[in-house]
Structures are given as C-alpha cells and as structure tokens.
Amino acid sequence: MHLFICTACGTQYPESAAPPAQCVICEEERQYVPPRGQTWTTLEGLANSHMNAFHEYGTGIIGIGAGFAIGQRALLVRTEGGNILWDCVSTLDAATVTLIRGLGGLKAIAISHPHFYTAMHEWARAFDCPIHLHAADKEWVMRPGPAVKHWDGDTLKLWDGVTLVRCGGHFPGGTVMHWAGGAQGRGVVCAGDVLSITTDRKWVSFMRSYPNFIPLSKREVEGIGNALKPFPFDIIYGHYFDRVIPKDGKRVLEKSVARYVAAIEGTRGY
Ligand SMILES: [Zn+2]
Ligand SMILES: [Zn+2]
C-alpha cells in the first residue's frame, strides 16, 4: 500500500495499492492535467528526487519549498506565540524535520486553499500539531485525517496577533493569514494566491483559475478587499519564493482592488 502524490498538483491521496484513476484537484477547472497525462509519486519517491530549499525573508519568516508540482512554497512563521506553518508543500525531507524541530517545532499549520493541502498530514504527524482549514472547502480534502480542524465564519484568531481571514475568491474558503507582529510590528499578510502578486511586484490580482484564465466578479474581489479592511499590514507574501510586496501592502491591495473592478466594469478609460 502507498500514499500516492499527484505530480501535477502535489496532492497526497489516502492509502491504496495502485495510483488513483485520476486527480480530482487537477480535473477541476482551477488546476489542469498536463498534456503528458497524470503521473504519481510518493513521499519516499520525492525524497530521492527533491530537496527543500529555505529562504529567510526577514526576522521570523522563512520560505520552504522544492519547486515540485505547482511550485508551492510554504512559510515557517515564527510568531511571539509560537511557530506556524503557513501553507504546505508535498516535500517533507529529514533535513526539514530536523531544522524545524531545532527552531521549536510547529504549534499549528494553516492553509490558504486546496492547492496547498498537498501532504499536510505528513507535516501534522511529524510536528504533532493541528491543521486549520476553512470549512467552505471541505469537499476538496482528498485525504481526511484527525489533525484537520475545519473552521467557519470570517476570521479565526489562532493566538494573540495571528488571525486567519477568510477572503473567498479563488476558492470559497480562500484564506489569508494576518500576523500583527510581523515586519517589525507594521503587520504581514501571508496570501497564497488568494491575493496573487503580479509579475512587476507592484500590484496584486485575483482569479478563480490562474492556469485557465477565469476571472472573478466585482463582488468577489471587493469582498476580498473588505475582508482585509480591519487589518494593518505592510508586507504581503505571495504564492512563490519570489513573489513579495515588500512595503505599502495595504495601499497596494486597495489600489489593486480598484484597478481590477475598473477593468472588469470597463471604466478604466486607458
Ligand atoms: Zn493533481
Ligand atoms: Zn490555487
């Protein structure tokens, strides 16, 4: 028996003798099945082909990823109240476990949306911690398990200064994490691709499907802006290692919502 992992999206499936017939996440319009067809690996297979890289962005925040599948990058966020893994990756090698244990382990895992569920149970087991997921995306949990704690509503305060904020958009339960103490107290938002940092690193944008170019409505994008209105923040960390808004994050979000809405309503004027 094996725990197969989809090589296109990184999702780990429940134990089975043969690979799943298809990947439910990749068959859906927010992901895709590569033209070569679906292929599968396992955690043991990945240990032979991929190694996690680490990038320290600033005090208390370290990116972790191996460029596998969608290229997901997790963040080890070392808050005053404990360490949290924001988002997750399929690659959990021995060095990663040793290093994170040396930094105090994990108090919790929180994930923005199903494209980062990946091998979340392996991480939860290694660090004996819960996984916080928004209940609105329950149907996309391919491998259930006791570590998953589904939450409802608009916000979930994990502990002082660390709040999960449901923005919706890309997925109905699309969540970002606000860390009040980050950026020397100016505040940090960890966004996955609920807010997607643009290639020029000056804006964020919003999509239902990034690979298949399906936009969101005005209502959904304004909802994202409104969800973050109560929170001060300066830095936004995006989906990949190199996608960061280094300052003025709050203003960038506000002007990005306005630009998106003007574009979709045809009122930009160009
Ligand atoms: Zn997949
Ligand atoms: Zn996504």
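# Notebook: helix α4, the zinc site, cores and hollows

I began at the end of helix α4, where the next residue is D128, with a positive phi near 50 degrees. I note at the outset that this is a predicted model, and I read every entry below with that in mind.

**Entry on helix α4.** How many of the eight residues of helix α4 are buried? I looked through residues 120–127 and found that six of the eight are buried, so the helix is largely enclosed by the rest of the structure. The buried residues of α4 that I wrote down are M120, H121, E122, W123, A124 and F127.

**Entry on the zinc ion.** I then turned to ligand 2, a zinc ion, and looked up its protein donors, which are H113 through NE2, H115 through ND1 and H170 through NE2, at 2.1 to 2.2 Å from the ion. Along the chain these donors follow the spacing H-x1-H-x54-H. H113 sits in the loop between β7 (108–110) and α4, while H170 sits in the loop between β11 (162–166) and β12 (175–179), so the pair ties together parts that are 57 residues apart in sequence. Are H113 and H170 buried or exposed? I applied the cut-off of under 20% relative accessible area for a buried residue; H113, at 1%, counts as buried, and H170, also listed at 1%, is buried as well.

**Entry on the nonpolar cores.** Which residues touch the most other members of the largest nonpolar core? This core has 38 residues, and the ones I noted for that are L106, I109, I111, M120, W123 and I131. Helix α1 (24–27), strands β4 (61–65) and β5 (74–79), helix α3 (94–102), helix α4 and strand β8 (131–134) each supply at least two residues of this core. Of these, α4 gives the most, with four residues. I followed L106 further and, setting aside residues up to four places away in sequence, found that L106 touches L76, N83, I84, L85, I100, W123, F127 and C129. There is also a second, separate core of 24 residues, which includes V176, I224, F233 and I236.

**Entry on V176.** Since V176 had come up in the second core, I looked at this residue by itself and found it in strand β12. V176 is buried, with a relative accessible area of 0%. Beyond residues up to four places away in sequence, V176 touches W86, T163, L164, V165, C167, V189, C190, A191, V194 and L228. I also looked up one long separation, in which the C-alpha atoms of V176 and C23, 153 residues apart along the chain, stand 25 Å from each other.

**Entry on W40.** I next located W40 in strand β2, which covers residues 40–41. W40 has a relative accessible area of 19% and is buried, given that the cut-off for buried is under 20%. Leaving aside neighbours within four places in sequence, I listed the contacts of W40 as F4, I5, C6, T7, Y13, P19, P20, Q22 and C23. The C-alpha atoms of W40 and G58, which are 18 residues apart along the chain, are separated by 35 Å.

**Entry on the cavities.** How many cavities of 30 Å³ or more are there? I counted two. The largest has a volume of about 60 Å³, and its lining consists of T11, Q12, I25, P114, Y117, T118, M120, H121, W140, V141, M142 and R143. By class, that lining holds seven nonpolar residues, four polar and one charged. The second largest cavity has a volume of about 40 Å³ and is lined by A66, G67, F68, Q72, V89, S90, T91 and T118. Here I found three nonpolar residues, five polar and no charged in the lining.

**Entry on the pockets.** The largest pocket has a volume of about 230 Å³. It is lined by 16 residues, and I70, D193, Y210, H239 and Y240 are those nearest its centre. I sorted this lining into six nonpolar, seven polar and three charged residues. The second largest pocket holds about 150 Å³ of space. Among the 15 residues of its lining, G58, T59, G182, A183 and Q184 are closest to the centre. Two elements, β3 (53–58) and β16 (235–237), give two or more residues to this lining, which by class has seven nonpolar, six polar and two charged residues.

Conventions. Residues numbered from 1 in each chain as written. Chains lettered and ligands numbered in written order. Predicted model: local features only at pLDDT ≥ 70, side-chain atom pairs only at ≥ 80, totals over all residues. Heavy atoms only, no water. 1 Å grid on protein atoms, 1.4 Å probe; cavity = no way out; pocket = protein on both sides within 12 Å on 5 of 7 lines; lining within 4 Å. Points joined across faces, edges and corners; volume = space filled by probe spheres on them. Nonpolar A, V, L, I, M, F, W, Y, C, P; charged D, E, K, R; others polar. Buried < 20%, exposed > 50% of the residue type's maximum accessible area, 1.4 Å probe, protein only. Donors = N, O, S within 2.8 Å, 3.2 Å for Na, K, Ca; no water. Core = buried A, V, L, I, M, F, W, Y, C linked by side-chain atoms within 4.5 Å. Contact = heavy atoms within 4.5 Å.
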